[in-house]
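Here's a walk through a protein model, aimed at someone who'd rather be at the bench. Have the structure open as you read.

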Amino acid sequence: MATYLEFIQQNEERDGVRFSWNVWPSSRLEATRMVVPLACLFTPLKERPDLPPVQYEPVLCSRPTCKACNVDVPALIELFPSFQFPPAYGGISEVNQPAELMPQFSTIEYMIQRGAQSPLIFLYVVDTCLEEDDLQALKESLQMSLSLLPPDALVGLITFGRMVQVHELSCEGISKSYVFRGTKDLTAKQIQDMLGLTKPAMPMQQARPAQPQEHPFVSSRFLQPVHKIDMNLTDLLGELQRDPWPVTQGKRPLRSTGVALSIAVGLLEGTFPNTGARIMLFTGGPPTQGPGMVVGDELKIPIRSWHDIEKDNARFMKKATKHYEMLANRTAANGHCIDIYACALDQTGLLEMKCCANLTGGYMVMGDSFNTSLFKQTFQRIFTKDFNGDFRMAFGATLDVKTSRELKIAGAIGPCVSLNVKGPCVSENELGVGGTSQWKICGLDLTSTLGIYFEVVNQHNAPIPQGGRGAIQFVTHYQHSSTQRRIRVTTIARNWADAQTQLRHIEAAFDQEAAAVLMARLGVFRAESEEGPDVLRWLDRQLIRLCQKFGQYNKEDPASFRLSDSFSLYPQFMFHLRRSPFLQVFNNSPDESSYYRHHFARQDLTQSLIMIQPILYSYSFHGPPEPVLLDSSSILADRILLMDTFFQIVIYLGETIAQWRKAGYQDMPEYENFKHLLQAPLDDAQEILQARFPMPRYINTEHGGSQARFLLSKVNPSQTHNNLYAWGQETGAPILTDDVSLQVFMDHLKKLAVSSAC
Amino acid sequence: MNVNQSIPPVPPFGQPQPVYPGYHQSSYSGQSGSTAPAIPYGAYNGPVPGYQQTPPQGISRAPPSSGAPPASTAQAACGQVAYGQFGQGDVQNGPSSAVQMQRLPGSQPFGSTLAPVGSQPAVLQPYGPPPTSAQVTAQLAGMQISSAVVPAPPSSGLGYGPPTSLASASGSFPNSGLYGSYPQGQASPVSQAQGHPGIQTPQRSAPSQASSFTPPASGGPRLPSMTGPLLPGQGFGGPSVSQPNHVSSPPPQALPPGTQMTGPLGPPPPMHSLQQPGYQPQQNGSFGSARGPQPNYGSPYPAAPTFGSQPGPPQPLPPKRLDPDAIPSPIQVIEDDRNNRGTEPFVTGVRGQVPPLVTTNFLVKDQGNASPRYIRCTSYNIPCTSDMAKQAQVPLAAVIKPLATLPPDEASPYVVDHGESGPLRCNRCKAYMCPFMQFIEGGRRFQCCFCSCINDVPPQYFQHLDHTGKRVDAYDRPELSLGSYEFLATVDYCKNNKFPSPPAFIFMIDVSYNAIRTGLVRLLCEELKSLLDFLPREGGAEESAIRVGFVTYNKVLHFYNVKSSLAQPQMMVVSDVADMFVPLLDGFLVNVNESRAVITSLLDQIPEMFADTRETETVFVPVIQAGMEALKAAECAGKLFLFHTSLPIAEAPGKLKNRDDRKLINTDKEKTLFQPQTGAYQTLAKECVAQGCCIDLFLFPNQYVDVATLSVVPQLTGGSVYKYACFQVENDQERFLSDLRRDVQKVVGFDAVMRVRTSTGIRAVDFFGAFYMSNTTDVELAGLDGDKTVTVEFKHDDRLNEESGALLQCALLYTSCAGQRRLRIHNLALNCCTQLADLYRNCETDTLINYMAKFAYRGVLNSPVKAVRDTLITQCAQILACYRKNCASPSSAGQLILPECMKLLPVYLNCVLKSDVLQPGAEVTTDDRAYVRQLVTSMDVAETNVFFYPRLLPLTKSPIESTTEPTAVRASEERLSNGDIYLLENGLNLFLWVGASVQQGVVQSLFSVSSFSQITSGLSVLPVLDNPLSKKVRGLIDSLRAQRSRYMKLIVVKQEDKLEMLFKHFLVEDKSLSGGASYVDFLCHMHKEIRQLLS
């Protein structure tokens, strides 16, 4: 099996693809019996330092209906028998082979030279209803960000509070802004009219009509190259005031987030459609007026909770969601993306606004305050560069998926919207966003990952010849951060196997991690629209069916149940998934749920797994740091634990360690080793913090600390107040919960799996 | 006519002219030729027909019947134009004969009328149209001739252009018997009149009431009251001589003038009437013509023949001269009042006392009644019953200027603080404590003088009474001893029970292409920089409490954040004009001193920012809305200064279209030109008033901007409208800046409510002015300055008591410019009368005209202009007829007898009737009319007085050394001497008219050019020269300007120049080109109306 693991890893490294099954069942019927669908996690922009740039355009299969790129020709010829070499390939020889014909280049990137290069656009949409120090911190972050932007990038600034101000950046001396009422929903046309975008803004343009290329640069006074207005904008940001409208006692400030976003979208729509652009929304509270308002301004009426939503008491939710969805769809259609940076102690309406980020591939960042390193560093990290000095972001991507005829595309789950391209390879059964073979991903980074689901359509009675392979090609058109258009083509092929005769092969080629994540994505996707318990039930049933299918057991004998190595971890993932905030809303606000789900739907496999099942490291004098079970039994007095849940990094000092620290041993030279022990998890945590986006919440706590709850809520409650035998023993900390533990869960699973009843 | 108007094109004037000439030709053909002087009258001719419109029928008819009878030529002359006669008659009072002579023009028409009897009516009715083409040409010919002739006349020593010719003519009279006769007659009548005291006396029984006009002429001495008469003297050197001629028959009679007229005919009686006036004038100022007319009619015909026989030359001469002097002269009245009442302070202690005229400088001592500077009434003696009031038809109205500025030597109202309990008021009617309240029961209670309710005196206010029942502290308390005072208001008098914040001024500047191109924006911004230091402040405050804000706009609005902490102003553009809002709160309204640097920077940058604008469209309603919302957000009252250039055609609420349509004039739809195009403006105004947001609008139109609509909001919010047509920085800079400075600096009260309470029996029923009313009693004024006036009309509720009189209390609750809430109280006690004569004896014509003008100007919103004019005429006739019937001593029906206090009513009313609003000339734009209409609505009495009857000041008559203002002359071309220079002003316009034969020295010292021909016509600035004359003239101009609330731009007009037509428009005693009647003609017409009413 090691080979399979290697194979999987190699594939991931090379193509950014992880399939749930690496050998494919060759008939539709068998495929459905596999329970876990044939699907993959695909990271379109998987970082490939070794990838040679190809400076010409791809050659397409000249059959009009196919249009596949001709990468990995041998495979293609095999899989697309009708592939016809275009005439351009007439001069191919053994020594002069184009890169795409070399087998190691199953992924290749073309750089398109033609077409106007349009600069990147960053439109800041800034909430001014903030506390003074929050605003100050935000202003500083924004000013700092100017230096990180590419010099020719266009920036724009919209501020909002009770009113929405679109700042004109070109002017000298007096600073101008266009102001909009925060309560009025405006159409894109109205916005453009009011901003004066519908007609030539400057008479000078008429004087030189011969330079249409210049047009986009001058047509908008609101978006200007950073290098030109750097100073201006810095000053402008510096002068930003808190929203001056008085907020009376017992009221929330009036915040026109909905209109501000609408204007931002309208502005870009009117000036730079189909150009890479980020709308970055910084908000410090819920929208309280106008379209998209989430809660009224009466403080005595709290913002909706899950409870309200279940009781259908969230007055504004549907309307607001509709508003933001409309905006998100328009934004996506224009190829722009929306980031949401929401920093507030209370909810900010992410639930309603989530689609803005989700559909456009924007980021969603949630924090307590703009004046925290969590926000500052996360924001800074957006502008980090890769080894080429390019930003790790791409825009306006379309992902086109092609399959060989035995397969059809069922759908995708990730930060994308459907482009509604129907074709012969589009399945009627939808999983996720389906009904299309193309998706638009307006904002991408190097780890953005989509789950793509397929359906095997080959009929049982039309067997595929031995050694036959199925092929899938992912064609990603995108705008690189250098503003160049690029096309990345990934072609993969996998063997078919007859599930009846070669089940072992298939079983061995099961990628339980990918499968867990893919199933989780399906579950989360369902959870967005269905009741929580239903989703859990569905997941349970899938798990049971999978166990029934692949487990080895004697009927009605739970004790005999065994799973092969390739499946062994899967139930555990499911156990933790059930307890995860992605599916459990208890103890989470609607905003938090949205936030977690947002990230879950876009991170790559490794990160996703961490989210499902946090990693726990243990530090002690007994040896080097080691990963330990995510179990209450791991919580020991003489250990330091480091838990990474992706969203949080928790350092937990066991009881004894905490006492030692309190006693100040770490400061005594003779106990320097203790000092080192204390330091070790901190260093490791820093390492994680440095690498992760968004920056996790960093929690440093100890036994009995209130923040220890973050740890306690994650671990498997193997010891609770219910199994009293554990009390007083040195085996870990009891968790005060009624949740079932993994053991109980497994017992039930086994019982059900072996039962013939279901 | 607004000064603003660019110089009107010649054509319009020219056109009307032809019409007139037509008359001449037809009638006089021959004569006209000789009558050279006729030209000046040309105008008359026109107007005359106007009159006749009404009269025509009468005339045309009358003539026929009477036609036969009229034998005497003289009569004939009169008869032709019934009016003519009247006029003559009137004139005759003084110089009756002269009148006739002057009539020449009129008489000419007569001639014409005579010729085509049938046609007459037609001609008359249409003022302009009558002349057939033939006539026109003929007229033209005549005109030319006349003009040619004119030159000759100048030689005559008399000041008047025409007169000169007359003089010469007179000289000739002796020669030609016929001619002579007329002039003589004229002259003689006067002299006769004088001589006939006996006759006069009988009439005098009533004299005190009515001033006789006639007295003047030679008789002047006798009849001091007679103003008109004085003039007669002028021509009279000859008259005596002439008399003889005429006298042939008449002299013996007391009524020589009339006789002269009639003399020829033979029917003396009518003549008498005419003459009588001349004589009688002393008494009532009755005009003999009254009867005359009928006979006259008859006479006219005959006259015509006579004329015919008599060559033209004579006619022209005589008529011109005499006429005007005989009829009541505003100048004389004004001068008399000035001399009689200008010296003593006017003490207000006595109830029902008629104050001196507004034209008189006098000092007021407040002893319990409000100064006439605050309140003037049409009558200070109110009829006790409504029946009487109905009979008299004299409107009972008060013109109230609550915040009037007082001359420096009069103290402004004391401020009284009654502490936390607020001002003491009657519990029932809520009237405020005032000197008329009666304290009873030893001072423990007081009886309300308005509603008779008995109220307890609060303990802290208690004071003992002295033996007369007066409180001992009466003289220590302004509210117990003065007519005007102020209370500090308590929080109960404030909006939302919160003391107001200091008000704010917001400057809203149009920065569309037009505004930039004319240089307006640059000029304005430059000016504002310094002007902001002069915001009104209260009392001794060191700096003004008023905050300022700035907005510029074209079809979007730009707000500016000028917060002091900013290094640069910030501009905020609001393009959502459909749904206006204020984009910022903090930093929009700022203290000038704190934010000076930012404001200066802003004002420097505004012209630059928009220098290249191509935006021509503007919005209007959203601008005001924005200002109003800004004040609302700041929770204060305030004023918006709006500088606007064009019709707001951009897509926005209140969008207007050009609906100017001259074809509507004189149709039933004419009123639509005065009505706002859409209701949006009224709605907006209402909101503004609720917020205490007053709008001052400065308009700089190049073309039609629909002033009627745009001025709605300023009008309803108590604001002002200024209009500068075809604004050019070079030409209009001074006027605009001067107006702006004054407007910004003047003291304003904000968010005001005015209520007029009256004692039982009368009630305020109608209000005129710039304000808004949401109920029937409270006048709401978003802003109120010292120039704004509210006219209130009263009606009877019940019987009044002669004993107790009638009381008015005007209470104005307002926010001062420092943000203090105050109540200003004005009290006025009036007498009540059971005799109509008392009413007529205590009237004030200027106030009456103020009321009637406002009434008429409001009427045009709802009725055809003609109907409005007719109403005015009818009312005036009724007033005078009632007097004649009930108060004047019996006299012949042909006599026109006017009450002394109202003897100027006809002339002033005529001025109102022929004002641009009621009778527009061809060159008057719709915007001008609307502009004037709304201006007049809030004018005070002094302003309406001079506006309707402009002042015409001769500059070189008095010695250069004299420091006093020269005495005005009557506004008639006849009064102009071509060897002199005149200033004419009406509060809006200022003309310097230069006679064609002014001495070179004068020209040199005033204009620094060597000859008349080198003077630039239309010049608006006199060169600054270091010589006495130049200094004096410029000094006079400056002092005139200082007297008026608006800067008057000077226009230099040369005699015989194109511009002169514009100037002549203001010679209101003459016939106007637009068909307005001459004074004389109108008086005749009025006489006729009265006679009809009496019969």
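What follows covers the ground rules, the domains, the cores and one serine.

## Ground rules

This is a predicted model, so to speak: local features need pLDDT of at least 70 and side-chain atom pairs count only at pLDDT 80 or more, while totals for chains, interfaces and linings use all residues. Residues are numbered from 1 along each chain as its sequence is written, chains are lettered from A and ligands numbered from 1 in the order in which they are written, and side-chain values use heavy atoms, with hydrogens and water left out.

## Chain A: how two domains meet

Chain A splits into domain 1 (23–49 + 52–84 + 97–103 + 389–499), domain 2 (121–196 + 219–382) and domain 3 (591–738); these bounds come from an automatic or database domain assignment. The C-alpha centres of domains 2 and 3 of chain A are 36 Å apart. Between them, 23 residues of domain 2 of chain A are in contact with 18 residues of domain 3 of chain A, contact being heavy atoms within 4.5 Å.

That meeting of domain 2 and domain 3 of chain A buries about 1700 Å², with carbon and sulfur atoms giving 54%. Buried area here is the accessible area (1.4 Å probe) that two parts lose on being put together, summed over both. On the domain 2 side of chain A, M364(A), M366(A) and R381(A) supply 37% of the area buried against domain 3, more than any other three residues.

## The nonpolar cores

The largest nonpolar core has 187 residues, and F454(A), F474(A) and F736(B) touch the most other members. Such a core is a set of buried Ala, Val, Leu, Ile, Met, Phe, Trp, Tyr and Cys residues joined through side-chain atoms within 4.5 Å. Helix α15 (residues 512–529) of chain A gives the most to this core, 10 residues; helices are DSSP runs (H or I, at least four residues), numbered from the N terminus.

Leaving aside residues up to four places away in sequence, F736(B) touches several partners, among them L520(B), F643(B) and F727(B). A second, separate core of 152 residues includes L642(B) and V1003(B).

## A serine in chain B

Is S915(B) buried or exposed? It's buried, at a relative accessible area of 9%, where buried means under 20% (1.4 Å probe, protein chains only). S915(B) sits in the loop between α35 (905–913) and α36 (926–937) of chain B.

The side chains of S915(B) and Y857(B) share a polar contact of 2.5 Å, that is, a pair of N or O atoms within 3.5 Å, one able to donate a hydrogen and the other to accept it.

Terms used:
Buried < 20%, exposed > 50% of the residue type's maximum accessible area, 1.4 Å probe, protein only. Helix = DSSP H or I, 4+ residues; strand = E, 2+ residues; numbered from the N terminus.
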